[in-house]
Amino acid sequence: MMKPPLCSLNLTLAWLWIVLGFVSGMVLGLFFHREDWLGGYASFRRRMYRLAHISVFGLGAVKLLCWLTGQNLRCAGSLVGMASWAFVVGAITMPLCCVLMAQLPRATMTFSVPVISLLMGGGLMLTTVLREPAEPLMPPVAAVTPGPASTSDYELRIKDYTDQPSPTT
């Protein structure tokens, strides 16, 4: 069964971002012990690098949730497609804007791109979820209502049990 390309993009980007979160954490972790690194722990510059790092993880998780929701809704509808692309734009631009802000603190308006795209993606996904009933990923288990067992049914179950070889001890 072939998956729609948008669903594959969501899953691929989600796991790529999670791995990049690990890698960026490793790189930042190489220098965190130095108190003066990037101006010290509380400096604006260092806070922006930390925000970039955590945004990669967080937006990877958002993409994973987007993929799971798309699977549950069978990736139906143009709203899911628009939401997915909005999340792609937000996932790429948020860490870039954080790093840019760390270097150029006056570039605050660049945050409008990831924030607006992520708000749009979230709003579109919420609209889709509220409008379309979700299909369960697994079919429901049929309820079995036991009826009165006849004596012969009971005897057959006992016979099947007693005919099996006993384990050796």
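Trainee: Is the crossing of helix 3 and helix 4 left-handed or right-handed?

Mentor: This is a predicted model, where local features need pLDDT of at least 70, side-chain atom pairs count only at pLDDT 80 or more, and totals for chains, interfaces and linings use all residues. Residues are numbered from 1 along each chain as its sequence is written, and side-chain values use heavy atoms, with hydrogens and water left out. A crossing is left-handed if the near helix is turned anticlockwise from the far one by less than a right angle, and right-handed if clockwise. For helix 3 and helix 4, the crossing is left-handed.

Trainee: How many helices and strands does the protein chain have?

Mentor: Both are DSSP runs, numbered from the N terminus: helices are H or I with at least four residues, strands E with at least two. Along the sequence, the pattern is α-α-α-α-α. The count is five helices and zero strands.

Trainee: What percentage of the residues in the protein chain is buried?

Mentor: Buried means under 20% relative accessible area, exposed means over 50%, and partly exposed lies in between, using a 1.4 Å probe and protein chains only. The protein chain has 169 residues, and the buried part of them is 31%.

Trainee: What area does the protein chain expose, and what share comes from carbon and sulfur atoms?

Mentor: Areas come from the Shrake-Rupley method with a 1.4 Å probe; for residues, only the protein chains shown count as cover. The protein chain exposes about 11,500 Å². The share from carbon and sulfur atoms is 72%.

Trainee: Of the contacts between residues at least 6 apart in sequence, what percentage joins residues at least 24 apart?

Mentor: Contact means heavy atoms within 4.5 Å. Start from pairs at least 6 apart in the protein chain; the part that joins residues at least 24 apart is 76%.

Trainee: Are helix 3 and helix 4 roughly parallel or roughly antiparallel?

Mentor: Axes are lines fitted to C-alpha atoms, for helices over the stretch in contact, and angles run from 0 to 180 degrees between N-to-C directions. Helix 3 covers residues 78-103 and helix 4 residues 112-131; their axes are 7 Å apart, at an angle of about 155 degrees. Under 35 degrees counts as roughly parallel, over 145 as roughly antiparallel, 65 to 115 as roughly perpendicular and the rest as oblique. So helix 3 and helix 4 are roughly antiparallel.

Trainee: How many nonpolar, polar and charged residues are in the contact of helix 3 with helix 4?

Mentor: Ala, Val, Leu, Ile, Met, Phe, Trp, Tyr, Cys and Pro count as nonpolar; Asp, Glu, Lys and Arg as charged; the others, Gly among them, as polar. By that split, the contact of helix 3 with helix 4 has 17 nonpolar, seven polar and one charged.

Trainee: At what angle do helix 2 and helix 3 pack?

Mentor: Helix 2 is residues 44-72, and its axis lies 7 Å from that of helix 3. The angle makes the two helices roughly antiparallel. Its value is about 170 degrees.

Trainee: How do the residues of the contact of helix 2 with helix 3 divide by class?

Mentor: Helix 2 contributes residues including Phe44, Met48 and Leu59, and helix 3 residues including Phe87, Ala91 and Met101. They divide into 18 nonpolar, four polar and two charged.

Trainee: Which residues does Ser55 touch, not counting residues up to four places away in sequence?

Mentor: Ser55 lies in helix 2. Ser55 is buried, because its relative accessible area is 9%. Its partners beyond four places are Met94 and Pro95.

Trainee: Is Arg46 buried or exposed?

Mentor: Arg46 is in helix 2. Beyond four places in sequence, its contacts include Phe32, Glu35 and Trp37. At 6% relative accessibility, Arg46 is buried.

Trainee: Which residues is Phe57 in contact with, leaving aside neighbours within four places in sequence?

Mentor: Phe57 is also found in helix 2. At a relative accessible area of 23%, Phe57 is partly exposed. Its contacts are Ile18, Gly21 and Phe22.

Trainee: How far apart in space are Leu100 and Thr110, C-alpha to C-alpha?

Mentor: Leu100 lies in helix 3 and is partly exposed at 34% relative accessibility. Leu100 is in contact with Ala107 and Thr110, its neighbours within four places set aside. Leu100 and Thr110 are ten residues apart in sequence; in space, the separation is 8.6 Å.

Trainee: What is the relative accessible area of Ile116?

Mentor: Ile116 is in helix 4. Its C-alpha is 8.1 Å from that of Gly90, 26 residues apart in sequence. Ile116 is exposed, with a value of 55%.
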